[in-house]
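Let's take a walk around a ligand and the space that holds it. Have the viewer open as you read.

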Amino acid sequence: MERTYLMVKPDGVQRNLVGEIVSRFENKGFQLVGAKLLTVTKEMAETHYAEHKERPFFGELVDFITSGPVFAMVWEGENVINTARKMMGATNPADSDPGTIRGDYAAKLSMNVIHGSDSPESADREIGIFFKNEELISYEKTI
Ligand code: CMP
């Protein structure tokens with residue numbers, strides 16, 4: 001079953017949006033298989049955002065994501081990677097539709113509330129940065 005890495009960024013945690021965001025993915029029918037609150041280290045941030053290393057905003061990106069706790073999650077389900085990205089909305093909140101997470105809660109590109117993997121390769125890589133295998137729990141529903 002497909003998995004994705006989603007992360008409520010420091011702005012989302014400080015604005016008490018964790019519950020709202022988790023609810024959206026639960027209500028959609030995806031399964032939470034791992035979650036934790038953590039402070040991202042500079043090293044983790046630089047690895048996670050390695051593809052943006054040459055961009056002028058890289059320093060700002062690393063400073064922001066390490067500035068306070070994030071809520072890291074792994075979700076499982078059919079087409080979860082693409083569906084989660086649709087639910088998150090466009091990266092730039094100026095372009096994200098109402099009804100999406102960024103469309104409803106974000107106003108700035110640098111503080112866009114949530115990160116989500118953009119491909120199966122990114123999901124594998126990002127899950128590996130933030131979670132150990134034993135922290136992920138797949139289970140069959142019994143009720
Ligand atoms: P995210 O999906 O976490 O992936 C990379 C992040 O870089 C993106 O969300 C934005 O928050 C951020 N970002 C992209 N472009 C810019 C920019 N021009 N200035 C500041 N931050 C940016």
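How many nonpolar, polar and charged residues are in the lining of the largest pocket? In this predicted model, that lining has 7 nonpolar, 8 polar and 8 charged residues.

The pocket itself is a good place to begin. About 510 Å³ of space lies in the largest pocket. It is lined by 23 residues, and those closest to its centre are K9, Y49, H52, T91 and N112. Three elements each give two or more residues to this lining: helix 4 (58–65), helix 5 (80–88) and strand 4 (114–116).

Now for the ligand, whose space is the largest pocket. Around the ligand you will find K9, Y49, H52, F57, L61, T91, R102, L109, S110, N112 and H115. Sorted by class, this shell has 4 nonpolar, 5 polar and 2 charged residues.

Oxygen atoms of the ligand take part in the polar contacts listed here.

| Residue | Protein side of the contact | Distance from a ligand oxygen |
|---|---|---|
| L109 | polar backbone atom | 2.7 Å |
| H115 | side-chain N or O atom | 3.1 Å |
| N112 | side-chain N or O atom | 3.2 Å |

As for cover, the ligand on its own has 450 Å² of accessible area, and the protein covers 80% of that.

To tie the two views together, look again at N112: this residue is among those closest to the centre of the largest pocket, and its side chain has an N or O atom 3.2 Å from a ligand oxygen.

Terms used: Residues are numbered from 1 along each chain as its sequence is written. This is a predicted model: local features need pLDDT of at least 70, side-chain atom pairs count only at pLDDT 80 or more; totals for chains, interfaces and linings use all residues. Side-chain values use heavy atoms; hydrogens and water are left out. A residue is near a molecule or strand if one of its heavy atoms lies within 4 Å of it. A polar contact is a pair of N or O atoms within 3.5 Å; within protein, one must be able to donate a hydrogen and the other to accept it, and residues adjacent in sequence count only if both atoms are side-chain atoms. Accessible areas come from the Shrake-Rupley method with a 1.4 Å probe; for residues, only the protein chains shown count as cover. On a 1 Å grid over the protein atoms alone, a cavity is a set of points where a 1.4 Å probe fits but cannot get out, and a pocket is an open set with protein on both sides within 12 Å along at least five of seven lines; lining residues have an atom within 4 Å of a point. A molecule sits in a cavity or pocket if more than half of its atoms lie within 2 Å of its grid points. Ala, Val, Leu, Ile, Met, Phe, Trp, Tyr, Cys and Pro count as nonpolar, Asp, Glu, Lys and Arg as charged, and the others, Gly among them, as polar. Grid points are joined across faces, edges and corners, and a volume is the space filled by probe spheres set on the points. Helices (H or I, at least four residues) and strands (E, at least two) are DSSP runs, numbered from the N terminus.
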